[in-house]
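Biologist: I should like to understand how the interior of this protein is put together. May we go through the structure step by step?

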Amino acid sequence: MKLRVSAVQYHLHTIQSFDEFAKQVEHYMKTAEEFGADFVLFPEFFTTQLMSIGNDHGQPLTIQDLPDFTEQYRSLFMNFAKQTKTHIIGGTHVIRKGDRLYNVAHLFYPDGRIAEQPKLHITPTEVKEWKMTPGESLQVFETDKGTIAMLTCYDIEFPEIVRMAKAKGADVIFCPSCTDDRHGFHRVRYTSHARAVENQVYVVTTGTVGSLPTVDFMRANFGQAAVITPNDIPFPPRGILAEGEINDDMIVTADLDLELLYQVRESGSVTTWRDRRTDLYPDWK
């Protein structure tokens, strides 16, 4: 099984309307379609760009206003997935359930279905400044191109949750991210490599670039897309199939061969998944 993935280094800048947002998304989707992508990944929190539209008094919107765009967001990406016959990981979008806000990754299937995975680990800033609530469970998602998981940014820094995703059958981890400086970026990047080595899976990650001068906590972004592999003979020595130019507005595309994962799990230079010492530490179901 082979699949082609495209990861969008989404450029954040001030906009005036939802239509302007939709046209920017359309540009990336048409580009990915021209590349023949099976999956397209957008970054975490990229819909915060909608907060820059502002209200009738010329003031920027707040995180509490962002869920008001949920139906438009879902309709936009559902239609693009159906039109392009592509699986879209629509980054994350903030939704409201009751009186709580959740940072939720969305998977849009080509047949119109929509799946959700709330972020499970919430950063101190998300808790303190935006009052985010963590999700309660991990899911993996079956597609006609294999089994995937969506783990958002901070999630990838916790080895246990990726162990669980692999144990549930995920071969590809999509990691939408949003980091504001080099420290945060490298935390996510380095741990993405670690998770690929530990679990013998692919990790596809990307982040926001650009800035939203009027939106609190989105004024700085440091991002780069990458398609990351285990470090073994069938793969590039550095474990990087493709990566973007840091902080540029662009799309990165690469082909994933799931058969190579199965080969290295069975007879690679190392067989890290098979060689777990579950007599010494817990297995993950």
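Biologist: With which residue of helix 2 (70-84) is phenylalanine 42 in contact, neighbours within four places in sequence aside?

Modeller: The model is a predicted one. Contact here means heavy atoms within 4.5 Å. The partners of phenylalanine 42 include Val8, Tyr10, Val25, Tyr28, Met29, Ile88, Pro176 and Thr206. Helix 2 spans 70-84, and the partner numbered in that span is Phe77.

Biologist: Which element gives the largest share of the largest nonpolar core?

Modeller: This core has 39 residues, and Phe42 is among those with the most contacts inside it, together with Tyr10, Phe21, Val25 and Phe77. Helix 1 (18-34), helix 2 (70-84), strand 4 (87-97) and strand 5 (100-108) each give two or more residues to this core. The largest share, 7 residues, comes from helix 1.

Biologist: How many residues has the second, separate core?

Modeller: Leu3, Leu41, Ala225 and Phe235 are included in this second core. It is separate from the largest one, and its number of residues is 28.

Biologist: Which are the edge strands of the open sheet with the order 7-8-9-10-12-13?

Modeller: The sheet is open and has 6 strands with mixed pairing. An edge strand pairs on one side only. The edge strands are strand 7 (141-143) and strand 13 (240-243).

Biologist: Which residue of strand 10 stands opposite valine 172?

Modeller: Strand 9 (residues 172-176) and strand 10 (residues 202-206) run parallel and are joined by 5 bridges. Valine 172 belongs to strand 9, and the residue opposite valine 172 in strand 10 is tyrosine 202.

Methods. Residues numbered from 1 in each chain as written. Predicted model: local features only at pLDDT ≥ 70, side-chain atom pairs only at ≥ 80, totals over all residues. Heavy atoms only, no water. Core = buried A, V, L, I, M, F, W, Y, C linked by side-chain atoms within 4.5 Å. Buried < 20%, exposed > 50% of the residue type's maximum accessible area, 1.4 Å probe, protein only. Helix = DSSP H or I, 4+ residues; strand = E, 2+ residues; numbered from the N terminus. Pairing = 2+ DSSP bridges.
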